Amino acid sequence: MGEEEERAVIEVLRSGSLCRFYGPSDPKYVLSFEAQAREYYGVRHAIAVNSCTGALECAIAAIGLEPGDEVILPAFMWVSNISAVVRANAIPILCEIDDSFTLSPPDIENKISSRTKLIIAVHMAGGQCDMDAIMMIANRHGIPVLEDVAQSNGGELHGRKLGTIGAAGVFSLQLHKNITSGEGGLIVTNDKRLAERSFAAHDIGLRLLDGHLVGGDPKDIVWGSGRRMSELAGALASVQMQKLSAIVRQMRRSHDRIISLIADLPGIVFRRLIDSSGSTGSFIIIVLDTPRRASDIALRLKEGGMHHVYRLAEYLLHIYSNITALVQKVPLSPAGEPWSLASSNGVALNYAKGACPKSDDLFSRSLIIPIASCLTSDQEEDAANLIIHATKIAN
Ligand SMILES: *Cc1c(COP(=O)(O)O)cnc(C)c1O
């Protein structure tokens, strides 16, 4: 955050136009953020919202699911991916991850049924999903793909911006992400109908992209969810958007340098990046040979001052079996939906640890290390030396 953000926020405060649609003077920042997003991602439509969780819910409402429809998503994600599906009264179906720490394409095939209506491809930890393989499978079955780019904003796959390959892409501008407005989100798509329905869903359910009201055909009408971005957040988002490329460039440089300094350590492999030159560099994932070694090294790293290193198995609500509400199948209402819809389909649902054994094995042996966008050359070397030291002792 710099003076640019400060100036923009103060300008909004003084103008009194804090809502994207109206005020004493013409609001401009949310519109400007959306225009910058269309340009940066190279898409026809961009809709600013107040979180990625909201973006997921609006995009899912736009795509349209029926009660009990199945949605395939990875074992490594964020709880919002699950909650957005459950709140649409649909059933999350977990898919294994592979050594890219994103959806395993062969396991998508295993999990597809006649009820599968959506695949959520979550680009995790600065990396990418194997979108070529995923789109081939999805297209063969006629299933839309929603890309969650909350953790890889600014990333690319062989020259294509992440979020622009599937039917729609969603982004987060929450404090932890590559750029931030404190809270914030974005939906991008080239599909006009999805854009119109997402826009209506994020607002009051009635307004089209051009400000006109939705027509009378019930199949075009969605219910609104009040997820508009405020002009204050828009002011931050539109300034931050201009910094995204530089932030990503800096993180990727630090990421690649640290990796090059530790590349030859025995008993260590790194997460496979589908396209390393297009990753955002925001995290290093190290895979050790045993869970024991992973926890020993994590402890050493923490003792050495690397406070934000996690053993992946303990990485909060990014790991399916850590999501109590999912494991316990907490229903939307006393009627038991959406889970009750699945049992009437004859599907046995299990979300407890063990449901995705290949992912469990990777989680138990892996460490995740975040990379800041402001590391000095000395700090990169310190981080690498700390990792080298920690792995030596633990051997
Ligand atoms: C952070 C995150 C979200 C949610 O973003 P919010 O803006 O906090 O709602 C969704 N998906 C993934 C993968 C995330 O990491």
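1. Helix α6 is followed by Gly142, a residue with a positive phi, near 65 degrees. The helix itself spans residues 131-141, and its buried residues are Met131, Ala133, Ile134, Met135, Ile137 and Ala138. These buried residues pack against α5 (105-111), β4 (116-122), β5 (145-148) and β6 (156-157). An α-helix has 3.6 residues a turn, so residues three or four places apart point the same way. The list of buried positions in α6, with Ile134 and Ala138 among them, may be read with that in mind. The model under discussion is a predicted one.

2. The ligand has 13 residues around it, of which Cys52, Thr53, Asp148, Ser172 and Lys177 come nearest. The space that the ligand takes is the largest pocket.

3. Three polar side chains deserve attention in any examination of the ligand site. For Thr53, an N or O atom of the side chain is 2.5 Å from an oxygen atom of the ligand. For Asp148, the partner on the ligand is a nitrogen atom, at 2.7 Å from an N or O atom of the side chain. For Lys177, a polar side-chain atom lies 2.7 Å from a ligand oxygen atom. As to enclosure, the ligand taken alone exposes 380 Å², and the protein buries 93% of that area.

4. Helix α7 covers residues 192-202; because 8 of its 11 residues are buried, the helix is largely enclosed by the rest of the structure. The buried residues are Leu194, Ala195, Arg197, Ser198, Phe199, Ala200, Ala201 and His202. Arg197 and His202 thus appear in this list beside Leu194 and Phe199. The cover over these buried residues includes two strands given here with their ranges, β8 (168-172) and β9 (185-189), as well as β1 (45-49) and helix α3 (52-63).

5. The start of α7 shows a polar contact between a side chain and the backbone. A side-chain oxygen of Asp191 reaches to within 2.9 Å of the backbone nitrogen of Arg193.

6. Which residues, beyond its neighbours within four places in sequence, is Ser359 in contact with? They are Ala75, Glu96 and Ile97. Ser359 itself is placed in helix α13, which comprises residues 357-365. Its relative accessibility is 0%, and the cut-off for a buried residue is under 20%, so Ser359 counts as buried.

Terms used: Residues numbered from 1 in each chain as written. Predicted model: local features only at pLDDT ≥ 70, side-chain atom pairs only at ≥ 80, totals over all residues. Heavy atoms only, no water. Buried < 20%, exposed > 50% of the residue type's maximum accessible area, 1.4 Å probe, protein only. Helix = DSSP H or I, 4+ residues; strand = E, 2+ residues; numbered from the N terminus. Contact = heavy atoms within 4.5 Å. Polar contact = N/O pair within 3.5 Å; in protein donor to acceptor, adjacent residues only side chain to side chain. Near = heavy atom within 4 Å. Areas by Shrake-Rupley, 256 points an atom, 1.4 Å probe, with all protein chains shown as cover. 1 Å grid on protein atoms, 1.4 Å probe; cavity = no way out; pocket = protein on both sides within 12 Å on 5 of 7 lines; lining within 4 Å. Sits in = over half its atoms within 2 Å of the grid points.
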